[in-house]
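Biologist: Please take one part of this model and go through it closely. After that, place it against the rest of the assembly.

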Amino acid sequence: MAEPLLSVRNLKTYFYTDEGVVRAVDGMAYDLHKGETLGIVGESGSGKSVHALSIMRLIPSPPGKIVDGEILFEGRNLLKLSDEQMRRIRGNRIAMVFQEPMTSLNPVLTIGEQIAEAVILHQRLDKRAAWERAIEMLERVKIPSARQRVKDYPHQFSGGMRQRVMIAMALSCNPSVLLADEPTTALDVTIQAQILELMRELQREFGTAIIMITHNLGVVAEMCDNVVVMYAGRPVEETDVKRTFHDPRHPYTWGLLHSVPKLYERSERLIPIEGQPPSLVDLPPGCSFAPRCPFAMEVCTQVDPPNVPIEAGHTARCYLYTDQATEKDKEAATAAGLAASARSRGV
Amino acid sequence: MAGNGEILLEVKHLVKHYPVTKGFIFQRQVGAVRAVDGLDFYIRKGETLGLVGESGCGKTTTGRVILRLQEPTSGEALFETRDIFKLGKEELRRMRRNMQIIFQDPYSSLNPRMTVGDIIGEPLEIHNLARGKEKVRRVQELLEVVGLSPYHANRYPHEFSGGQRQRIGIARALAVNPKLIIADEPVSALDVSIQAQVLNLLQELQKEFGLTYLFIAHDLSVVKHISDRIAVMYLGKIVELADADELFSNPQHPYTEALLSAVPIPNPEMRRDRIILPGDVPSPVNPPSGCRFHTRCLYAQPSCSVDEPEFVDIGNGHFVACPVRPFKTQRSKAAVYRPAASAANS
């Protein structure tokens, strides 16, 4: 396989607060290739957004700090660049779409001014050419009568149209990586379908690699090629989208898949993941999922599990697949886990 | 789980318009937001009726008006044959023992200055159900019913996570032994793993106490999971109402069909025809004439912009408000995305 476009290695972003050190991202790692869509899945507080802000080097400091790791983009470590060098990459080669289309646009500037600003800065176009570029981008994202609408202010657009504007802005400099942080979460499902379709079309056209950060498993299944599942700041499982859904190995991935109601299957009861996500200030020793894990063994609560290769292109951070747990323990754990799921199913 | 046939709540021609005024001191009405514009439905004892629709379609308003948290513009809501809208203040207060609500946002719907015990105990006092020791005992019992611990009664809401707060909200609703619970997006603010816990709890409580739910949500998978029957709303009207399985296997209204096809399915191998609706939902201040969906409908006929469609039973309690009722053979044509048609709405 070709050299990855973006390679995140052992990324650690901590926040130093009065309550203690929040380990928001703690050892994130993956490769992203050209034209690929990578899904980052996790619940709130799992560190998926902080990881994206780390790539953009937008972590507010203090209290935040990237304490370790590498972010290799086209072979260069972004964490080693000067602010000036980073500015040339941010918004130009790596762009980001945020969750809230209502708050991430400047209310006192017209849509056109906001798109043109990035183009003038990065592409060194003059004002007139940048304005034309803004109109062209609005047409690309299917804003009707773009030539008129480019002079409008954000409040004159609906939520779905604002998200189109955000995408137009992000793609205006033709970036090679697009970080989409919950791009459709604030939108209704019919509008979500429009935006996802648009992103797919634009990806085909521009060959942009997309990092899709979401908690919606449906969006992951429809959009992504590969998936990283995050829990409490750590990647717990990474593989392609088919194996994520049909052959999940980490108990958390498994639990996540079973806790969502299915549209085309009838089930009387859902199988929830019991308990609450841990506080990032006060993580339990060992595997952070162990207190909620029906498969947990003694070793899980003592030492952090290693990242285990299951097969080519599939890793999971779990003792069930290591030699560190005895076969007997693993069998007992599997039996306990299955019994727990049968119980919550009400069998 | 399904109802036993007896009707608990019947809503007839429910209308709620919010006035749009102009001027600062001498306000005059220049229009109306037609949030809910003529709803007819009923809920049987012990069943769950799901109410789905996109933001601004009037589903939350419907729930609030039925409880008279907002006054209706017109219409009737018969709770066991008594019209809720005709009750006097005192009668309404007594009636509210029968009907409770669970709110969407577990962060803003609990008073931060009250302990959990006071929050759950308040309805018991208001309705003279329990006082003193008896109240404390009942609060502890309710906390256990919703999966919390009795000692939580002395804590404040900020000490709890979102899922736990939603459990507190459920305990408060259960305190007065209501017959009907209106659940307004009860799980949409929660993470998926917690969502499943709360959905299971709601189903257990329904079985245990014989509750009837009006379950309002925008997430179709959640509504399908919990509901016996489902009503689909669009711009203040119900466009289709049927048994949950029937609605999903045999949608008759073009909006329902598009809505179902727009939901991303968590199965990477499932490929479906996707119907992508052009444009945005029009404003309820000035809804389209005739069928309100005709501006985005892929099967619209010239008559659709003129005649208001009737809400008719097409058999087995499957109601639909669409005279055209396109069938599945036309689907392939509809699946084509038409960007030219995505009209601006401002």
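**A strand of chain B and its surroundings**

Modeller: Gln100(B) has Ile181(B) as its bridge partner in strand 7 of chain B. The model is a predicted one, and the close look here is at that strand.

Strand 7 of chain B covers residues 180-184 and is mostly covered, with five of its five residues buried. Its side chains divide between two directions: Leu180(B), Ile182(B) and Asp184(B) point one way, while Ile181(B) and Ala183(B) point the other way. All of these are buried, Asp184(B) included.

The strand has a partner in strand 6 of chain B, residues 99-102, and the two pair in the parallel sense over four bridges. A second partner is strand 8 of chain B, residues 212-217, which runs parallel to strand 7 of chain B and is joined to it by five bridges. Within that pairing, Asp184(B) stands opposite Ile216(B). To get from strand 7 of chain B to strand 8 of chain B, the chain passes through helix 6 of chain B, residues 192-209, in a right-handed β-α-β crossover.

Now to chain A, where an open sheet is formed by eight strands in the order 6-7-8-3-9-10-12-11, with mixed pairing. Strand 6 (94-97) and strand 11 (308-311) of chain A are its edges, each pairing on one side only. From one strand to the next, the twist averages 20 degrees. At the strand 11 edge, three bridges connect strand 11 of chain A to the antiparallel strand 12 of chain A, residues 314-316; Val308(A) has Ala316(A) as its bridge partner there. At the strand 6 edge, helix 6 of chain A lies across strand 6 and strand 7 (177-181) of chain A, and it runs at about 175 degrees to strand 6 of chain A.

Chain A also has a set of antiparallel pairings that involve its strand 1. Strand 1 (residues 6-17) and strand 2 (residues 20-32) of chain A run antiparallel and are joined by 10 bridges. These two strands form a hairpin with two residues between them. Strand 1 of chain A also pairs with strand 4 of chain A (residues 64-73), again antiparallel, over eight bridges. Phe15(A) takes part in both pairings: its bridge partner in strand 2 of chain A is Val22(A), and its partner in strand 4 of chain A is Gly64(A).

Next, the core. In soluble globular proteins, nonpolar side chains tend to be buried together. Here the largest nonpolar core has 191 residues, of which Ile211(A), Phe215(B) and Val232(B) touch the most other members. Helix 6 of chain A, residues 159-171, supplies the largest share of this core, eight residues. Leaving aside residues up to four places away in sequence, Ile211(A) touches Leu32(A), Leu38(A), Ile40(A), Ala52(A), Val177(A), Leu179(A) and Ala180(A).

Last, the contact between the chains, which takes 40 residues from chain A and 40 residues from chain B. On the side of chain A that touches chain B, at least two residues each come from helix 7 (189-206), helix 8 (217-223), helix 9 (241-246) and helix 10 (251-259) of chain A. Helix 7 of chain A gives the most, with seven residues. By class, that side of chain A has 18 nonpolar, 14 polar and eight charged residues.

Terms used:
Residues numbered from 1 in each chain as written. Chains lettered and ligands numbered in written order. Predicted model: local features only at pLDDT ≥ 70, side-chain atom pairs only at ≥ 80, totals over all residues. Core = buried A, V, L, I, M, F, W, Y, C linked by C-beta atoms within 7 Å. Buried ≥ 20, exposed ≤ 12 C-beta atoms within 10 Å, placed from the backbone. Contact = placed C-beta atoms within 7 Å. Nonpolar A, V, L, I, M, F, W, Y, C, P; charged D, E, K, R; others polar. Pairing = 2+ DSSP bridges. Axes fitted to C-alpha atoms, helices over the stretch in contact; angles between N-to-C directions. Right-handed = clockwise from strand over helix to strand, strands pointing away.
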